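Colleague: I am new to this structure, and I would be grateful for a close look at a single part of it, with the terms explained as they come up. Please begin with how helices cross, and then go on to whatever else can be described with care.

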Amino acid sequence: MQADILIRNARLGPGDGEGNSVCVAIRGGRILALESDLFAEGARVIDARGAILLPGFVDSHVHVFTGGTTLAQLNVSAVSGREALGEAVRTFAAAEPDARLLCAYGANYTILGAQRPTRQDLDAILPDRPFYMAATDYHCAWANSAALSLAGIAAGFDAGQGAEVVVGPDGLATGELREFGAMALVKRLSASGGREELGLSGAEPGQVSGEERAADKAVIHRALDHCAAHGITTVVNMDGNLYLADLLEEMDRTGDLPIRVSLPMTLTEAQGPERWRALMERAMTPATDRLRFGRVKMFMDGVFDTWTAHVVGDYPDRPGFAGEPLFSQNVFNGICVEADRRGLQIAVHAVGDGAVRRVLDGYQAAREANGVRDARHRIEHIDTIHPDDLSRLAALGIVASMQPVHPPGSAGLPLEPTISLMGRARWPYAFAWAAIQDRGVPIAFGTDWPVSPLDPLFAIRCALIRQPWADDVPDQRLSLRQCLAAYCEGGAFAEFGAGEFGRLAVGMAADLVLVDGELDSLGSSSPNARVVLTVAAGRVVHMAEGLDRRENA
């Protein structure tokens with residue numbers, strides 16, 4: 001047998017033959033054979049030493065450019081209290097003496113207690129240097145006075161539809177910046193110029209120098225390497241603009257995409273028809289081995305913690321207020337009809353049950369206008385769904401793109417204030433993975449990194465140990481096997497790649513992961529599973545230190 005790589009002494013993961021020892025032969029980027037043992041003269045041989053063999057993970061919702069930038073920022077997701085935050089920020093500031101804007105991310109809304117941070121709170125920690133701290137959901141941030149002044153928004157600013165520079169009774173900015181339009185006013189002062197977050201609103205950077213362009217590519221490459229280190233072989237990058245599309249195409253041509261990347265183009269209502277057409281045209285770019293287009297992305301709402309999620313009914317603490325949708329229904333329907341007519345897949349961020357309903361209405365309009373096809377239009381997140389709308393998901397052929405690290409109480413997230421803002425009546429249908437899957441709706445898992453930790457094994461653990469918020473709330477957990485399917489076959493199905501990757505079979509792309517330890521431990525008090533090898537399209541893109549390997553054995 002002629003093979004490029006042999007992986008010996010691996011154990012099959014959940015499914016047929018679970019636990020059996022297997023040898024995998026890889027040639028030309030594909031699985032050539034799966035047998036109990038194989039020999040290939042001249043092949044690179046990797047001894048799995050009993051590690052578990054799985055298909056490569058598909059993270060169906062990430063923000064690669066932003067995530068790569070955070071690798072050089074201060075992560076405060078595990079920080080709580082004024083003293084701890086102050087120590088972390090001042091230590092970080094001392095290590096970054098030349099930074100124009102110091103950036104942190106991952107802050108819980110309760111990082112300083114029940115009251116949200118203010119510019120005065122941050123001034124007390126760092127009074128003399130501009131400082132910016134993004135909330136854990138990336139839909140809100142806080143800035144100190146130095147940052148607000150440098151950005152020219154100390155007295156407030158009109159941040160555009162759906163965004164707000166919060167202003168206090170004194171007429172001055174409180175420091176809270178809600179949603180992307182407001183956050184970008186300060187983030188543009190960072191070393192990256194905020195280019196990494198422009199795709200969230202479908203905006204483009206101004207003139208970018210060759211040096212800046214090279215730096216942006218380096219950030220993206222680091223992010224993709226970080227994904228590979230966690231066993232991820234395909235990512236869907238949910239914040240596309242023309243600039244990022246060009247960067248990724250350039251990287252693909254030069255062989256600098258270590259894993260597969262899919263890029264939807266982001267549409268907003270404010271862009272208007274000419275821009276929509278340009279982005280849809282770009283989305284129709286043909287796929288290559290490692291880069292896929294073929295889809296558009298929209299935001300129908302924000303998040304509960306900023307009262308920007310759109311709900312059916314009202315917010316419990318704000319009678320008569322349901323949150324403002326980011327698209328009027330007629331405009332949204334029209335975009336859905338046109339994108340669907342072009343054969344594009346549509347993905348829409350929808351957190352509130354009202355936003356989910358509006359998205360379903362838009363997909364229904366597209367089907368009525370263009371006829372039934374295997375579009376696999378997606379809804380991203382579905383934090384809440386009205387029970388009347390559950391049956392519509394399967395009827396419209398929707399893919400539920402969901403994140404097991406998002407429920408409050410999981411992944412280090414506090415329950416409050418989110419579950420109270422959501423409202424007690426919505427709890428039974430919050431993050432309703434089991435109810436959705438039980439209705440035959442395909443689920444694709446992801447993390448929304450850097451909103452949440454990237455590691456798929458950690459995300460699966462969060463899914464397995466999630467607890468209902470009250471005794472009368474249904475248990476919406478999935479089994480280990482179902483979680484793995486959502487991260488592998490489900491992600492491949494959502495990408496129209498089920499015949500290419502997402503399964504272990506002869507002829508499929510050699511997107512493989514070796515996991516040391518036991519997968520069953522993910523649901524226990526002592527998890528021991530970790531990724532030790534990642535192979536993407538037949539190329540080793542990550543190998544943990546200590547994994548025995550022999551060349552030409």
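Modeller: A crossing of two helices is called left-handed if the near helix is turned anticlockwise from the far one by less than a right angle, and right-handed if it is turned clockwise. What you see is a predicted model, in which local features need pLDDT of at least 70 and side-chain atom pairs count only at pLDDT 80 or more, whereas totals for chains, interfaces and linings use all residues. Residues are numbered from 1 along each chain as its sequence is written, and side-chain values use heavy atoms, with hydrogens and water left out.

The part I have chosen is helix α7, residues 242-253, where helices (H or I, at least four residues) and strands (E, at least two) are DSSP runs numbered from the N terminus. Helix α7 packs against helix α8 (residues 273-283) at an angle of about 15°, and their axes are 11 Å apart; axes are lines fitted to C-alpha atoms, for helices over the stretch in contact, and angles run from 0 to 180 degrees between N-to-C directions. That angle makes α7 roughly parallel to α8, a label for angles under 35 degrees, while those over 145 count as roughly antiparallel, 65 to 115 as roughly perpendicular and the rest as oblique. The crossing of these two helices, α7 and α8, is left-handed. On the α7 side, Leu242, Ala245, Asp246 and Glu249 meet Arg275, Leu279 and Arg282 of α8, where contact means heavy atoms within 4.5 Å.

Helix α7 also has a partner in helix α6 (residues 210-228): the axes of α6 and α7 come within 11 Å and cross at roughly 75°, so α6 is roughly perpendicular to α7. Among the α6 residues that take part are Ile220 and His221, and the α7 residues they and their neighbours in this contact set meet include Tyr243, Leu247 and Met251. Asp246 of α7 appears in the contacts with α8 and again in those with α6.

From the helices we can turn to the strands. Four strands form an open sheet with parallel pairing, in the order β6-β13-β14-β16, two strands being paired if DSSP finds at least two bridges between them. Its edge strands, each pairing on one side only, are β6 (57-62) and β16 (291-292). Strands of a sheet pair through backbone hydrogen bonds, either parallel or antiparallel. Within this sheet, β13 (residues 232-237) and β14 (residues 260-262) are joined in the parallel sense by three bridges, and Val236 stands opposite Ser262 in β14.

Two loop residues complete the picture, because each is buried, that is, under 20% relative accessible area, with exposed meaning over 50% and partly exposed in between (1.4 Å probe, protein chains only). Arg376, in the loop between α10 (353-370) and β19 (378-381), has a positive phi of about 55° although it is not a glycine, and its relative accessibility of 13% counts as buried. Asp448, in the loop between β21 and α14, also lacks the excuse of being a glycine, yet has a positive phi of about 70°, and with a relative accessible area of 7% Asp448 is buried. The loop between β21 (443-445) and α14 (456-465) holds Pro450 as well, which a cis peptide bond with omega of about 10° joins to Trp449.
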